[in-house]
Amino acid sequence: MRTRTFILTIIIVIIFISCNTGKKNNTSNIEFASQKIAEGVNYLWAIAIADINNDGLQDLVFIDNNSSGGFLGYYKGQKEKGIWEMVKIADEPPTGGTFASGDLETCDMDGDGDIDIIAVKHTGEWDNAAEPADLFWYENPAWQPHFIGTAPNAVKDISVADFNNDKRPDLVVLCFETHNLSIFQHNIDHSFSKRKSMNIANLHEGMDVGDMDGDKFIDIAVNGFCLKNPKGNIMGEWMMETVDRKWHNQRGDWSANATKNFCADLNADGRDEIFISHSERNGYPVSWYLRNETEWIEHIVADSLSSCHTLQVYDFDNDGDLDVLAGVNRGRAVNIGKTEFPVIIFVNDGTDNRWTPIEIEKNGIYNGRVADFEGDGDMDIFRLPDHEASDVYILINQNKK
């Protein structure tokens with residue numbers, strides 16, 4: 001009897017070791033193949049990923065020449081290798097001028113089943129960042145423009161969310177010149193009204209939305225702050241909590257308080273955690289923050305990653321756990337004396353949120369986005385090597401799990 005018990009114990013241990021070894025080996029199987037999809041682009045800062053033409057493939061929506069203004073268009077996704085076809089949506093906004101923004105969003109604004117595009121009229125932040133910006137949504141497929149409202153100056157970030165739970169998507173817009181956050185409410189006739197405008201010291205770049213307290217109302221994460229939704233009353237008081245002061249107490253040149261934010265429910269508890277990196281400077285970590293009963297607790301993904309202008313949180317190895325994509329903007333890193341420009345997936349081990357770094361690219365990424373471009377069930381990556389790059393790539397996930 002003792003011998004049988006001993007043998008059974010050995011078998012259980014072997015099975016346990018095999019399962020855990022298999023889990024660890026999965027990280028070494030993360031691999032991506034690079035594919036060029038566009039060339040000759042011009043300051044492609046504002047992009048969004050969506051199936052614009054309803055063919056089941058993800059397209060790349062963009063504003064051309066965001067530094068000093070350009071046109072609005074998209075590249076049609078395709079399964080075949082090669083350069084994607086470019087489709088121009090509008091040469092200029094309906095009131096003239098140019099499009100320019102630090103961000104771009106898409107959404108089914110009118111509930112008709114196809115994806116519309118939210119775009120920004122501006123001269124470009126390199127020309128005149130202080131000039132007001134007009135927002136429009138373009139109705140798919142005829143691309144009729146509809147006025148949303150005016151933001152006080154150049155737009156850095158746009159997020160779409162239903163803040164009052166009326167089943168219509170609202171907008172929050174971040175402008176860095178006056179450190180302003182504006183919330184536009186979507187009305188029943190698909191017009192918009194600006195319901196909130198908040199000037200918050202040191203806001204610059206870095207915003208996302210999520211339900212951080214699990215109350216079923218969408219909150220806003222921005223520059224190391226969390227703005228708590230006043231239970232759907234957009235015009236009410238958005239209580240502001242400090243997540244971590246180091247993301248908004250910086251001084252110096254234009255690179256101060258420039259971050260990337262991403263909200264995701266890492267622990268599957270109905271509350272979103274906040275992921276933050278520094279998009280311009282060196283010496284800052286890649287972190288995520290969990291809210292307990294009294295404060296936000298920092299957890300480190302990477303001790304330091306320079307000019308981390310890409311931060312995305314998705315399940316890249318299809319094991320059910322969220323992993324972290326973080327990468328260096330090559331152009332900015334060179335400017336501050338760096339010689340390495342890694343693009344890294346930090347693989348979540350699924351137990352205590354330890355992160356195994358897997359470098360998938362050595363030559364940088366700017367404003368990377370994640371989507372299943374091929375429609376094969378795994379997550380691929382949009383890659384622009386740096387903010388001045390003229391060629392565009394996607395990194396195709398080779399995971400066949």
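**Pockets, sheets and a few odd spots**

Let's start with the largest pocket: 31 residues line it, and Asp103, Glu105, Phe262, Gln312 and Arg369 are the ones that lie nearest its centre. Which elements give two or more residues to that lining? They are strand E2 (47-50), strand E6 (105-107), strand E10 (155-161), E14, strand E18 (259-264), strand E22 (308-314) and strand E26 (366-371). The space inside the largest pocket comes to about 570 Å³. If you sort its lining by class, you get twelve nonpolar, twelve polar and seven charged residues.

Before we go on, please keep in mind that this is a predicted model. How confident was the predictor? The mean pLDDT of the protein is 93, and 92% of its residues reach 70 or more. There is one stretch to watch, though: over residues 1-25 the pLDDT is below 50, and beyond near neighbours in sequence this stretch has four contacts in the model. Where pLDDT is low, the predicted coordinates should not be read in detail. So when you turn the structure on your screen, please go easy on residues 1-25, where the pLDDT is below 50.

Now, back to the empty spaces. The second largest pocket has a volume of about 480 Å³. Its lining is made of 26 residues, and those nearest its centre are Glu125, Lys156, His204, Trp254 and Glu280. Here the elements that give two or more residues are helices: helix H2 (125-128) and helix H3 (330-335). By class, the second largest pocket is lined by eight nonpolar, eleven polar and seven charged residues.

What about enclosed space? Rolling a probe the size of a water molecule over the atoms shows where empty space is left. Counting cavities of 30 Å³ or more, we find one. About 40 Å³ of space lies in this largest cavity. Around the cavity you will find Trp45, Asn66, Ala100, Ser101, Gly102, His122, Gly124, Glu125, Ala154 and Val155. You have met Glu125 already, as one of the residues nearest the centre of the second largest pocket. The cavity lining splits into four nonpolar, five polar and one charged residues.

Let's turn to the sheets, and I have picked two for you. One is an open sheet of four strands in the order E14-E15-E16-E17, with antiparallel pairing. At its edges are strand E14 (207-210) and strand E17 (239-242), each of which pairs on one side only. From one strand to the next, the twist averages 20°. If you want to see the pairing up close, look at E14 and strand E15 (residues 219-222), which run antiparallel and are joined by four bridges. Within that pair, Asp208 stands opposite Ala221 in E15. E14 should sound familiar, since this strand is also among the elements that give two or more residues to the lining of the largest pocket.

The other sheet is open too, with four strands in the order E22-E23-E24-E25 and antiparallel pairing. Why is one side of E22 and of strand E25 (355-361) left without a neighbour in the sheet? Both strands stand at the edges and have a single partner strand each, so one side of each has no neighbour there. In this sheet the twist averages 20° from one strand to the next. Inside it, strand E23 (residues 323-328) and strand E24 (residues 343-348) pair in the antiparallel sense over four bridges. To find one of these on your screen, start at Val324 and look for its bridge partner in E24, Phe346.

I'll finish with two spots in the backbone. Which peptide bond is cis, with omega near 10°? That is the bond from Asn140 to Pro141, and Pro141 sits in the loop between strand E8 (133-139) and strand E9 (144-151). The other spot is Asn202, whose phi is near 75°, a positive value in a residue other than glycine. Look for Asn202 in the loop between strand E13 (192-199) and E14.

Thanks for listening, everyone!

Definitions and conventions: Residues are numbered from 1 along each chain as its sequence is written. This is a predicted model: local features need pLDDT of at least 70, side-chain atom pairs count only at pLDDT 80 or more; totals for chains, interfaces and linings use all residues. Side-chain values use heavy atoms; hydrogens and water are left out. On a 1 Å grid over the protein atoms alone, a cavity is a set of points where a 1.4 Å probe fits but cannot get out, and a pocket is an open set with protein on both sides within 12 Å along at least five of seven lines; lining residues have an atom within 4 Å of a point. Grid points are joined across faces, edges and corners, and a volume is the space filled by probe spheres set on the points. Ala, Val, Leu, Ile, Met, Phe, Trp, Tyr, Cys and Pro count as nonpolar, Asp, Glu, Lys and Arg as charged, and the others, Gly among them, as polar. Two strands pair if DSSP finds at least two bridges between them. Axes are lines fitted to C-alpha atoms, for helices over the stretch in contact, and angles run from 0 to 180 degrees between N-to-C directions. pLDDT is the predictor's confidence in each residue, from 0 to 100. Contact means heavy atoms within 4.5 Å.
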